[in-house]
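Thank you all for coming; I would like to walk you through a structure that is new to this group. Please have the picture open while I talk, and stop me whenever a term is unclear.

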Amino acid sequence: METLDAILNRPSRSIASASVARLSGVSKNFGAARALNNVDLEVCGGEVVAVLGPNGAGKTTAVKLLLGLASPSAGTVGVFGADPRTPLNRLRTGAMLQVGRVPETLQVQELINLFSSYYMKPLPIRETVGAAGLQGLEKRRFGVLSGGQKQRVLFALAICGDPDLLFLDEPTVGLDVEARRMLWDEIRRLVARGKTVLLTTHYLQEADALADRVVVINHGTVIAEGTPAEIKARTAGRQIRCVTRLPIATVCSFPGVMEVRSDRGAFVISATVAEPVLRELFRGDPEVSEIEVTSAGLEEAFLALTRDNESKEVQS
Amino acid sequence: MSAASATLPRAAMERSFSHTLTIYVKETKYEFLKLLRLPTYSVSIILFPVMFYVLFGLLLNRGKEADGVSVAAYLMASYGTFGVMGASLFAFGVGVAGERGLGWLQLKRATPMPPFAYFLAKTLVCMAFSFIIVLLLLTLGISFGGVHLAFAQAARLVATLVVGAGVFCAMGLAIGYFAGPTSAAAVVNLTYLPLSFASGLWIPVDMLPSFLQRVAPFLPPYHLGRLALGNVGVGRGGSSFEHWEALMGFAFICLGIARLGFQRDEGKSYG
């Protein structure tokens with residue numbers, strides 16, 4: 001089985017480019033609580049990195065550190081090789097954060113106009129409005145917008161300055177399917193123009209659809225890192241469902257099998273690769289039936305990873 | 001791509017003076033529009049002093065005197081002080097607490113906005129609302145209260161109160177950095193109303209209970225009140241220097257407290 005270290009220390013990346021944002025050995029404490037624990041995270045130019053993790057895992061804290069909105073308790077934070085708070089970095093960075101309250105009496109176009117004025121070469125307001133899908137809402141006051149529309153305004157404020165590096169903290173929360181796909185397309189367009197994106201998400205499908213690299217965080221610790229495909233391979237690569245008379249212990253001993261559970265009279269086998277397991281199944285039980293092979297979704301991979309992490313913690 | 005842009009010439013990223021000015025102007029303009037369109041702010045901070053003045057200054061105490069001037073003149077200055085205090089404390093105290101506590105200020109800090117623009121815009125907007133309030137009271141007093149002021153006197157009254165508003169912006173900022181987004185309005189009301197009363201802004205200080213008369217000189221609104229009253233002929237001849245001194249001292253203490261809150265925020269995350 002491929003070890004966690006093998007993935008963490010993978011030498012070459014699919015996109016070899018300069019590092020634009022980096023957390024090195026970063027820990028962050030809030031009083032007695034430790035939000036991040038010795039985290040290393042790197043974002044290279046032109047890539048989309050998805051930080052994936054459950055609530056309270058430390059995703060937002062990582063983003064705030066990279067934006068210079070909080071200072072690390074230990075370790076260093078670097079953006080474009082400098083402190084994230086330098087004026088130059090602020091000009092080259094855009095951020096979408098989870099904001100509890102935006103001034104509700106200002107119009108969409110007024111908010112965009114204000115934020116655009118902060119940057120050196122902002123996008124034309126019309127372009128920002130179009131990219132965020134806000135056409136026709138320019139003169140609406142923020143307070144009367146729906147949740148999804150508000151989210152799109154925050155996206156518009158992040159991109160209006162045409163920044164090189166974008167931090168998107170749960171960008172598609174509260175969006176319907178159509179709006180989410182539109183935002184994905186927009187993020188892909190930004191990357192095609194050479195922008196670098198770090199996003200955090202609860203939507204595992206989102207990480208799968210957008211990211212070149214996924215960083216899984218749980219309890220403030222990075223527990224896995226790799227391409228979406230690698231993350232899937234790292235855990236349950238394939239799932240085989242079948243009905244067999246073989247005892248569960250025998251199935252568990254097949255090569256590459258990681259987990260077997262019984263489900264309504266059938267076995268659900270998680271394995272790195274399906275074929276060797278199938279060969280053993282046919283050899284041991286010629287009457288094996290109802291075989292279904294599926295690839296594990298990122299969701300299963302994610303759950304398995306966080307479960308691994310927790311069981312390790314219990315042992316240690 | 002990013003390797004190339006990482007070495008962009010620094011000059012290309014330096015703002016011109018006119019660009020910086022544009023940011024300050026827009027920040028101020030939108031801050032003003034934001035509050036003007038918020039009736040809970042704009043209507044209440046203007047309506048309360050004006051309503052009190054019409055009631056107590058123009059209708060109920062017609063022809064009476066206080067401290068050697070007509071009640072209409074006295075209350076024009078003291079409700080003016082009350083008004084600018086409210087405009088500043090609510091805009092800063094409630095505004096900053098909400099924007100800081102609920103993430104808006106953080107989002108702005110992540111942008112290249114000069115941080116000072118945020119605070120200066122709020123201060124200028126408080127002064128603008130203060131100007132509106134004082135001008136309304138002045139118009140009412142002169143038109144319906146028989147108040148006679150030379151133009152220079154009236155201008156000095158307005159200037160005193162508009163500049164004095166800055167002191168309460170500092171106080172509001174301190175509140176905004178320590179009160180929560182939901183509790184800020186209560187904190188402001190609980191300081192604003194008792195302070196106004198004890199400083200003699202509703203009824204003249206020498207008509208207050210004697211222990212409050214001794215407390216009043218320690219309260220900042222008392223000093224701004226005395227300065228404003230000086231412009232309508234109360235306590236003429238006294239030095240205004242000590243009052244400005246007290247106000248400046250208080251403003252610096254508030255800014256110091258706000259600074260502590262600002263530094264605390266650096267190491268902490270909200271929302």
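**Two helices of chain B, and how chain A meets them**

Let me begin in chain B, where Ala72(B), Ala73(B), Met76(B), Tyr79(B), Gly80(B), Gly83(B), Val84(B), Ala87(B), Ser88(B), Ala91(B), Phe92(B) and Gly95(B) of α4(B) meet Lys122(B), Val125(B), Cys126(B), Phe129(B), Ser130(B), Ile133(B), Val134(B), Leu137(B), Leu138(B) and Gly141(B) of α6(B). Contact here means that the C-beta atoms of two residues, placed from the backbone, lie within 7 Å, and helices are DSSP runs of H or I with at least four residues, strands runs of E with at least two, numbered from the N terminus. The residues of this contact divide into 15 nonpolar, 6 polar and 1 charged, where Ala, Val, Leu, Ile, Met, Phe, Trp, Tyr, Cys and Pro count as nonpolar, Asp, Glu, Lys and Arg as charged, and the others, Gly among them, as polar.

I should say early that this is a predicted model, in which local features need pLDDT of at least 70 and side-chain atom pairs count only at pLDDT 80 or more, while totals for chains, interfaces and linings use all residues. Residues are numbered from 1 along each chain as its sequence is written, and chains are lettered from A and ligands numbered from 1 in the order in which they are written.

Turning to chain A, its mean pLDDT, the predictor's confidence in each residue from 0 to 100, is 85, and 86% of its residues reach 70 or more. Over residues 6-16 of chain A, however, the pLDDT is below 50, although this stretch has 15 contacts in the model beyond near neighbours in sequence. Where pLDDT is low, the predicted coordinates should not be read in detail.

How many residues does each chain bring to the contact between them? Chain B gives 31 and chain A gives 38; on the side of chain B, the largest share, 7 residues, comes from α2(B).

That same α2 (17-36) of chain B, together with α5 (125-131) and α6 (147-159) of chain A, is included in what covers the buried residues of α4(A). In that helix, residues 108-117, 8 of the 10 residues are buried, so it is largely enclosed by the rest of the structure; buried means 20 or more other C-beta atoms within 10 Å of a residue's own, exposed 12 or fewer, and partly exposed in between, with C-beta atoms placed from the backbone.

Finally, Arg264(A), in the loop between β11 (257-263) and β12 (266-271) of chain A, has a positive phi of about 45° although it is not a glycine, and Arg264(A) is exposed, with 7 other C-beta atoms within 10 Å.
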